[in-house]
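I opened this notebook to keep track of what I looked up in one protein model, entry by entry. The order follows my own curiosity.

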Amino acid sequence: MAGSHVGIVWNPSKTSKEELEAAWDEAAAGHDDVRVSWFETSEDDPGRRATQQALDAGAEVVLAAGGDGTVRAVAEHLADTGADAALGIVPLGTGNLLARNLEVPLGDLSGAFARALGDGATSLDVGWAEVTLATGVERHAFVVMAGFGIDAHMISETDDDLKDKAGWLAYVESLGRAFSASEVIELRISIDDAEPTTEQAHTLIVGNCGTLQGGVTLLPDAQPDDGELDALILSADGVPGWMDTLKNMVWDNGLKRMLGSSDQAESCESATHRRLTSLAVDLSEPRLVEVDGDELGEATRLVVTVQPGAITVR
């Protein structure tokens, strides 16, 4: 990365600039020809404006130093504008979902900076979610997952104080409440512009990456650079269905994988996996929709597309 200009978009609610500067100085030792500029996010703008400021300053790499919201905002702006600058990640949040999926060092600021300063780079697809809310239609990017049901309710039901103290374990605590809040409704779904079909489900997750906190893998076949998205539709109803789903999510695609088992996950009757490049779904009742952990509100329609190879990640 010789002679590069790095723009660091950082979230002041996650850390201090002094802490980031100390980690940067440690990682950048020996990179005297790399120039760095700093751009602070704000409460009303988690990173798009700061990313543009970094681009205007000539940054060739934009590092997102913050949580999932900051990473998503920076990636969204880079993809939306078609900027040539690469993305780097300095994870400072609770979830750090993209960082986990790309194996960026967690809890190691200088290690994350060092990775961004290295020679390795990979292509990253970006998903786009067009959401119909009571207030109108909004369009948002996601780099990990978007959808409604268990994942959205887990986020909205998770206690912020517990999340600060217990990290990803706070999401497990909220899982039971998420189950009770997820009722089966009718969906009209069209995949890759095919004729719509009717499904009964409580959860729809469309992802570019598949792993959540704690090693739980909702989308085991998802790859962030294959030009496709993976979808999971859950229709569990009643105690037996929920127990089957819970086993599949937490054991088969979670703890078993963490323990190094190579056994194939057992099939789950209430779970359907699809691969796609576009999806449109009409909901018979409004449901809370999220993108990469950010709540968007209750929606009655969701249209998802993929932008293959939208950005480069260092």
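**Entry 1, the tryptophan in H1.** I looked up Trp24 first, working throughout from a predicted model, and found the residue buried, with a relative accessible area of 6%. Since burial is assigned under 20%, I have no hesitation about the label for Trp24 at 6%. I then asked myself how many aromatic pairs the structure holds. I found 1 aromatic pair, and that pair is formed by Trp24 and Phe113, edge-to-face, with 5.4 Å centre to centre and 85° between the planes. Because Trp24 lies in helix H1 and Phe113 in helix H5 (residues 109-117), the pair ties together parts that are 89 residues apart in sequence. I checked the partner as well, and Phe113 is buried, with a relative accessible area of 0%.

**Entry 2, the nonpolar cores.** I noted that Trp24 comes up again here, since Trp24, Leu87 and Leu98 are the residues with the most contacts inside the largest nonpolar core, which has 62 residues. Apart from this core lies another, of 27 residues, among them Ala146, Ile191, Val206 and Ala299. As a general reminder to myself, nonpolar side chains tend to be buried together in soluble globular proteins. I followed Leu87 further and, leaving out residues up to four places away in sequence, listed what Leu87 touches: Val62, Ala64, Val74, Ala75, Leu78, Leu98, Ile311, Thr312, Val313 and Arg314.

**Entry 3, helix H3.** Which span does H3 reach from its first C-alpha to its last? I recorded 20 Å for this helix of 14 residues (68-81), close to the 20 Å expected at 1.5 Å a residue. H3 is mostly covered, with 12 of its 14 residues buried, and the buried ones include Val74, Ala75 and Leu78, three residues that I had already listed among the contacts of Leu87. The polar or charged names Asp68, Arg72, Glu76 and His77 are also among the buried residues of H3. Just after H3, I noted that Gly82 takes a positive phi of about 70°.

**Entry 4, a threonine before H1.** I went back towards the N terminus to Thr15, which is found in the loop between strand E1 (5-10) and helix H1 (17-27). Is Thr15 buried or exposed? Thr15 is buried, with a relative accessible area of 10%, and its side chain makes a polar contact with the side chain of Glu19 at 2.5 Å. Not counting residues up to four places away in sequence, Thr15 touches Trp10, Leu20 and Leu92.

**Entry 5, a proline in E14.** For contrast I looked up Pro308, whose place is in strand E14 (residues 294-313), and Pro308 is exposed, with a relative accessible area of 52%. The exposed label rests on a cut-off of over 50%, so I keep the value of 52% for Pro308 beside the label. The C-alpha atoms of Pro308 and Val126 are separated by 6.5 Å, although the two residues are 182 residues apart along the chain. Outside the range of four places in sequence, Pro308 touches Asp125 and Gly227.

**Entry 6, the protein overall.** I closed with the totals, which are 9 helices and 14 strands, with buried residues making up 53% of the 314 residues. Of the contacts with a separation of 6 or more, 70% are accounted for by residues 24 or more positions apart. The accessible surface comes to about 13,600 Å², and 46% of this surface belongs to carbon and sulfur atoms.

Terms used:
Residues numbered from 1 in each chain as written. Predicted model: local features only at pLDDT ≥ 70, side-chain atom pairs only at ≥ 80, totals over all residues. Heavy atoms only, no water. Helix = DSSP H or I, 4+ residues; strand = E, 2+ residues; numbered from the N terminus. Buried < 20%, exposed > 50% of the residue type's maximum accessible area, 1.4 Å probe, protein only. Polar contact = N/O pair within 3.5 Å; in protein donor to acceptor, adjacent residues only side chain to side chain. Contact = heavy atoms within 4.5 Å. Expected span 1.5 Å × (residues − 1). Core = buried A, V, L, I, M, F, W, Y, C linked by side-chain atoms within 4.5 Å. Areas by Shrake-Rupley, 256 points an atom, 1.4 Å probe, with all protein chains shown as cover. Phe/Tyr/Trp six-rings, centres within 6.5 Å; stacked < 30°, edge-to-face > 60°.
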